[in-house]
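Biologist: Hey, have you got a minute to walk me through this model? I'd like the big picture and then a few residues.

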Amino acid sequence: MNAALTVARREFAAYFATPVATVFIVIFLVLSGALTFTLGGFFGRGQADLLPFFGFIPWLFLFLVPALTMRLWAEERRLGTIELLLTLPITAGQAVIGKFLAAWAFCAVALALTFPLVITVNVLGEPDNGVILTGYLGCLLVAGAYLAIGAAISALTRNQVIAFVLAVAGCFVFAAAGSPVVTEFLSSRLPILAEIARGVSVGERINGFTRGVISAKDFIFFASFIGFWLFVNAVILEHKKAD
């Protein structure tokens, strides 16, 4: 575990060694604020909560998280530094976990910087801050799920653009799987597939958190989902060692 944490610290510091981190965070804050206050009707709803913000986060992360993960392994493979990394006394699994934790911590920083929204809603009314806290927890878990998918896809290619496009497509499948459009279409034709779609939908799982409901079933889902994709990531790395 120490090796994974060492990789995580190195990767996390690397984010802030270039303007990429600042650009990512600024874009995230501008888009999340703009969507919350305009399309989300923050002021017009007459309710002191952050539901509009939490509703947009899975869709914002759909593009921003793959932008973060596209370089994780694709860049290492293109520059040839992945061979150096994997010759160090660490396993592929430890390297995968280290990079994932660094990217996840970076997403946590980006989410934490939306604190002015929390202050605003507290100034305007008397929100349930417990619900707001669980909503943020749900957003962090969604970011982790997308990161795990994007990292595994990044390990498949040397091309960052391809990694980005495939990661967006992969995340979209799990974000939209539980939407009414998909489930109603499947229910009338293949009801079993409709149930499966609801079961694997990341977008559906965040709804409980945004209402203040923390379900063990949702936690197990996210833990299993993230663990599965990290495992796939490690298997791909082991398989690609000889390339």
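Modeller: Sure. One term before we start: helices and strands here are DSSP runs, with at least four residues for a helix and at least two for a strand, numbered from the N terminus. Also keep in mind that this is a predicted model.

Biologist: Fine. How many helices and strands does the chain have?

Modeller: There are 13 helices and 0 strands. Going along the sequence, the pattern reads α-α-α-α-α-α-α-α-α-α-α-α-α.

Biologist: What's the radius of gyration, and what would a compact globule have?

Modeller: The chain comes out at 19 Å, and a compact globule with 243 residues would be near 18 Å, so the two agree. Along the principal axes, the C-alpha atoms fill a box of roughly 60 × 50 × 30 Å.

Biologist: And how much of the chain counts as buried?

Modeller: 46% of the 243 residues. The accessible surface is about 11,700 Å², with 72% of that belonging to carbon and sulfur atoms. As for contacts between residues at least 6 apart in sequence, 77% join residues at least 24 apart.

Biologist: What about charges, how many positive and negative side chains?

Modeller: 15 positive and 13 negative, and the centres of the two sets lie 6 Å apart.

Biologist: Switching to helices. What should H6 span, given its 21 residues?

Modeller: At 1.5 Å a residue, H6 (residues 92-112) should span 30 Å, and its end C-alpha atoms are 30 Å apart, so that agrees. Its buried residues include Lys99, Phe100, Phe106 and Cys107.

Biologist: How many residues of H12 are buried?

Modeller: 7 of the 9 residues in H12 (residues 202-210) are buried, so the helix is largely enclosed by the rest of the structure. Arg205 and Phe209 are among them.

Biologist: What covers those buried residues of H12?

Modeller: The cover includes helix H3 (51-69), H8, helix H9 (160-176), H11 and H13. After H12 comes glycine 212, which has a positive phi, near 90 degrees.

Biologist: You mentioned H13. Where does aspartate 218 lie, and what does it touch?

Modeller: Aspartate 218 lies in helix H13 (residues 216-240). Leaving out residues up to four places away in sequence, it touches Arg205 and Phe209, both buried residues of H12.

Biologist: Is aspartate 218 buried or exposed?

Modeller: Buried: its relative accessible area is 10%, and buried means under 20%.

Biologist: OK, and threonine 134, which helix is that in?

Modeller: Threonine 134 is in helix H8 (residues 129-154). Apart from neighbours within four places in sequence, threonine 134 is in contact with Phe209, Gly212 and Ile214. Its relative accessible area is 10%, so it's buried.

Biologist: Then arginine 77, buried or exposed?

Modeller: Arginine 77 is buried, with a relative accessible area of 8%. It lies in helix H4 (residues 74-79). Arginine 77 and proline 66 are 11 residues apart in sequence, and their C-alpha atoms are 17 Å apart in space.

Biologist: Last one. Where does serine 188 lie?

Modeller: In the loop between helix H10 (180-187) and helix H11 (191-200). Serine 188 has a relative accessible area of 55%, so it counts as exposed, the cut-off for that being over 50%.

Biologist: How far is serine 188 from glutamate 11?

Modeller: Their C-alpha atoms are separated by 47 Å, and the two residues are 177 apart along the chain.

Methods. Residues numbered from 1 in each chain as written. Predicted model: local features only at pLDDT ≥ 70, side-chain atom pairs only at ≥ 80, totals over all residues. Heavy atoms only, no water. Rg over C-alpha atoms; globule rule 2.2 N^0.38 Å. Buried < 20%, exposed > 50% of the residue type's maximum accessible area, 1.4 Å probe, protein only. Contact = heavy atoms within 4.5 Å. Areas by Shrake-Rupley, 256 points an atom, 1.4 Å probe, with all protein chains shown as cover. Lys, Arg positive; Asp, Glu negative; His and termini not counted. Charge placed at Lys NZ, Arg CZ, Asp CG, Glu CD. Expected span 1.5 Å × (residues − 1).
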